[in-house]
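Trainee: I'm new to this one, and I'd like a close look at a single part: the place where the two chains meet. Could you walk me through it and then show me how it fits with the rest?

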Amino acid sequence: MTGTAQHRVTLAFSDGVEHEMAVDPGGSVLEAGLAAGLPLLHQCRSGSCSSCLATLVEGEAATLPGCSSSLLASERAAGQRLLCVTGASSDCRFALPYDSKVGENRAVEGHAFVNAVERVAADVMRLELELAEDCWFEFRPGQFIQIKVPGTDQTRSYSIASTPAELPKIELLIRLLPGGVMSEWLLGQAAVDTALEISGPYGAFFLQEASKAPVVMIAGGTGLAPMMAMIDVIRARPGRKPPIHLSFGCQSAEGLFHGEAIALRSMWLPSLTVTTSVDRGPAPDGVRIGNPVEAVGADGPLDPETVAYLCGPPGMIEAARRHLQALGVAPGNIHAEQFVAS
Amino acid sequence: MNEATPVRRRSTVRINTTSDQRINDSKTQSQYQPYKDAAWGFINHWYPALFSEELPEDKVEGIQIAGIPIVLRRVDGKVFALKDQCLHRGVRLSAKPMCFNKSTITCWYHGFTFDLDDGKLSTIVANPDDPLVGTTGITSYPVEEVAGMIFVFVREDDFPLEDVPPLSSDLPIRFPENSEKFPHPLWPAAPSLMDEGAVALGMHRTGQSNWRIACENGFDNAHILVHMDNTIVHALNWVLPLGILPNHEEPITLIEDEDGPKGMMQWLFTDRWKPVLENEALGLKIDALNGRFYRTSVVMPGVLMVENWPEEHIVQYEWYVPITDDMYEYWEVMVKVCPTDKEKAAFKHRFDRVFLPMCLRGFNDCDLYAREAMEEFYADGTGWDAEQLVSTDISPITWRKLASRWNRGIAKPGKGVPNATKTSSIRLRRLAEGKAPGYFVQKIEDVNSY
Ligand code: FES
Ligand code: FES
Ligand SMILES: [Fe+2]
């Protein structure tokens, strides 16, 4: 039956808004939705960035022939689909992990000036930008922007570590990679007042609506950036704050950064607990040896309502998903952003 | 991109720099950044609004706390509080109170009518069928009334009502339940507003400085120098030190019990603080006769308790309720437990003749002008960086840090409210008419003339 008939597909946003549309044989759900004018998050349109993630809740939908999806088998089994590479094999229904207003934060293109460049660890730079007059956008904490690396035609994506309230300032945490184009620019030429071409915001990884459910955040390396933004936004939300456990890990002590910024957050937010880990020793005082995933749930079971945010390299995300699901966290409550080194 | 259009920076703001050669270096300052941001006060806390006697049955009164205008009305003894800013076009309901029944308040301008209970728009006088009716409203504020004082929980519009903590979590700790934790061998257990039979007598007035400057003065152990020449000190021959110095590794203990108030206790008149009675170089020596032991503590959102002051069995409470970023309502309240009418009358008698004129005025007037003397240094924001704090300033620094941790929210600058725009022509005209900007709404007194 695949590839022959048109099917009816329903997309359900998290705020209860639903849309039904027809998807042509061989076409992707994302394309059909965008053609119908729906505010669907997307970016690469080729199955790699995970921006268009949705959960299949009814019917059948498979990856289109000739396309590939970066989802793990376990994720597919849990119903997750990347809409840009997914076709409808029957009438079906998808749940979107964001509300119908998110897509209204449409990505824009413009410039941002460099305010500060600072090395914060052996392999991490902090880059502070300020949106130029030609550029303004709103974003949700957790989302990322793209920067065109000056003097090249390459772009790189970085999660925003600061909050929407701090705009036009934007803080990024960037991992240095030997030979990486951005790394070379940062080390060699980056200077205050340089204007960069940027675009954004992007991504379906962002802080969910306020709730009292406990929050777990697992961050590997510069995966800390979106967590900092989310923690600061939770702190400013009215009402009683949920318990938050931030588990931050780096490979070694030289890789650790932002210790002071994290300590300030735990001082200002009594409901925040932080564990810091390094994969291999020696470990400074207060830092454990091990991976940041195992540190979660180490001293007691997790609340079944727990909402988890994961950001780091693919291996860490996969391990964290498995670990959290084994601890009883619902797959739909696990939100992840993985980054690929480049 | 169009290469012909130059990319321009937004207009930028000046950034202050800080020297590291002092107690409040930039690292310490960053620990209390949320406090530095709280120029308009902390929000989602309980604040005193009025004395009970200021709001008799059916009266409507308008005030402003932390940039939020609030209207209060008493019906059948119960006090209700709503945002005093009409949904329609922002008029203050309290400027010309209009109430057609016991359950609502009506805006005198175009008749938007709000339920006292929850602020819902329940009708519009001349437009009862408007589709807006029942779908929207103004924010309501929880109210508590104890010992002759009305307290309001001043919240952000979207702070959930089910998260509102009890009033006691924003009031000083109580005795004797805390006598073991904080022993006070030199005086009897201090009374509390929440005690059975507690009577609160006091006054409130507007001070022209930021609320933080005011609050920090209350528990600053070096500031008692300003009281050196106060009448009551000499009339009663009190030993009031020139200053009190920290003399222990823990001169201050944090109060951070799970469900209780959050604040700090200063171990005054124990070996943890050393009173200074003499300065030889200046030829100064305090040689009065009567010891006057007391102890100060402060809890969020800035409530001072002076135990054993101004005499045994009495406690003095103070609040520095933010109105705007440059005004606060100064509350001075003495509390005594008076189980009988006779004791009540005796307390009132002594309050009127001695404490009101010589303590709340007199002695505390000194604090009022001392705070205003500091205001200009801090008013443009630079004072917080430029101040050069010393060891006795452990008190304000500890307070700033704990306030940064335990506040339930930082008030945003008042929107569309009196005195948010410092140079509005109305404000200037009122000043010219001799009306100082303050806490209460400017009422329309005579409906037929202006
Ligand atoms: S848009 Fe990138 S994976 Fe679908
Ligand atoms: S301003 Fe209140 S009804 Fe119009
Ligand atoms: Fe004083």
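Mentor: Sure, here's the meeting of the two chains, followed by what surrounds it.

Keep in mind as you look that this is a predicted model. Start with who touches whom: 22 residues of chain B are in contact with 29 residues of chain A. How much area gets buried between chain B and chain A? About 2,200 Å², with carbon and sulfur atoms giving 54% of that.

Now for the charges. Between chain B and chain A you'll find five salt bridges. One of them pairs Arg8(B) with Glu133(A), and there the closest N and O atoms sit 3.1 Å apart. Polar contacts add to the picture: nine residue pairs are in polar contact between chain B and chain A, both residues being at pLDDT 80 or more. On the chain B side, the elements giving two or more residues are helix H1 (26-31), helix H2 (33-36) and helix H7 (394-406) of chain B. Sort the residues of that side by class and you get six nonpolar, six polar and 10 charged.

Let's step back into chain B itself. Its secondary structure comes to eight helices and 23 strands. The radius of gyration of chain B is 24 Å, close to the 22 Å that the globule rule gives for 450 residues, so chain B is as compact as a globular protein of that length. Along its principal axes, the C-alpha trace of chain B spans about 80 × 75 × 45 Å.

Salt bridges turn up elsewhere too, with 44 over all chains. Take Arg371(B) and Glu318(B), whose closest N and O atoms are 3.7 Å apart. Arg371(B) lies in helix H5 (residues 341-379) of chain B and Glu318(B) in strand E22 (residues 315-322) of chain B, so this pair ties together parts that are 53 residues apart in sequence. While you're in chain B, look at the peptide bond from Trp309(B) to Pro310(B): it is cis, with omega near 0 degrees. Pro310(B) is in the loop between strand E21 (303-307) and E22 of chain B.

Over to the partner. Chain A is divided into domain 1 (3-102), domain 2 (106-202) and domain 3 (215-338). The centres of domain 2 and domain 3 of chain A, taken over C-alpha atoms, are 23 Å apart. Where these two domains meet, 19 residues of domain 2 of chain A are in contact with 14 residues of domain 3 of chain A. Together they bury about 1,300 Å², 69% of it on carbon and sulfur atoms. How many salt bridges are there between domain 2 and domain 3 of chain A? Zero. Across that interface there are two residue pairs in polar contact, both at pLDDT 80 or more.

On the domain 2 side, strand E8 (108-121), strand E9 (124-131) and strand E12 (169-175) of chain A each supply at least two residues. The largest share, four residues, comes from E12(A). By class, that side of domain 2 of chain A has 11 nonpolar, four polar and four charged residues.

Two backbone details in chain A round this off. A cis peptide bond joins Gly200(A) and Pro201(A), with omega about 0 degrees, and Pro201(A) is in strand E13 (residues 195-202) of chain A. Asp193(A) has a positive phi of about 85 degrees although it is not a glycine; you'll find Asp193(A) in the loop between helix H3 (181-188) and E13 of chain A.

Conventions
Residues numbered from 1 in each chain as written. Chains lettered and ligands numbered in written order. Predicted model: local features only at pLDDT ≥ 70, side-chain atom pairs only at ≥ 80, totals over all residues. Heavy atoms only, no water. Domains from an automatic or database assignment. Contact = heavy atoms within 4.5 Å. Buried area = accessible area lost by both parts, 1.4 Å probe. Salt bridge = Lys/Arg side-chain N within 4 Å of Asp/Glu carboxyl O. Polar contact = N/O pair within 3.5 Å; in protein donor to acceptor, adjacent residues only side chain to side chain. Nonpolar A, V, L, I, M, F, W, Y, C, P; charged D, E, K, R; others polar. Rg over C-alpha atoms; globule rule 2.2 N^0.38 Å.
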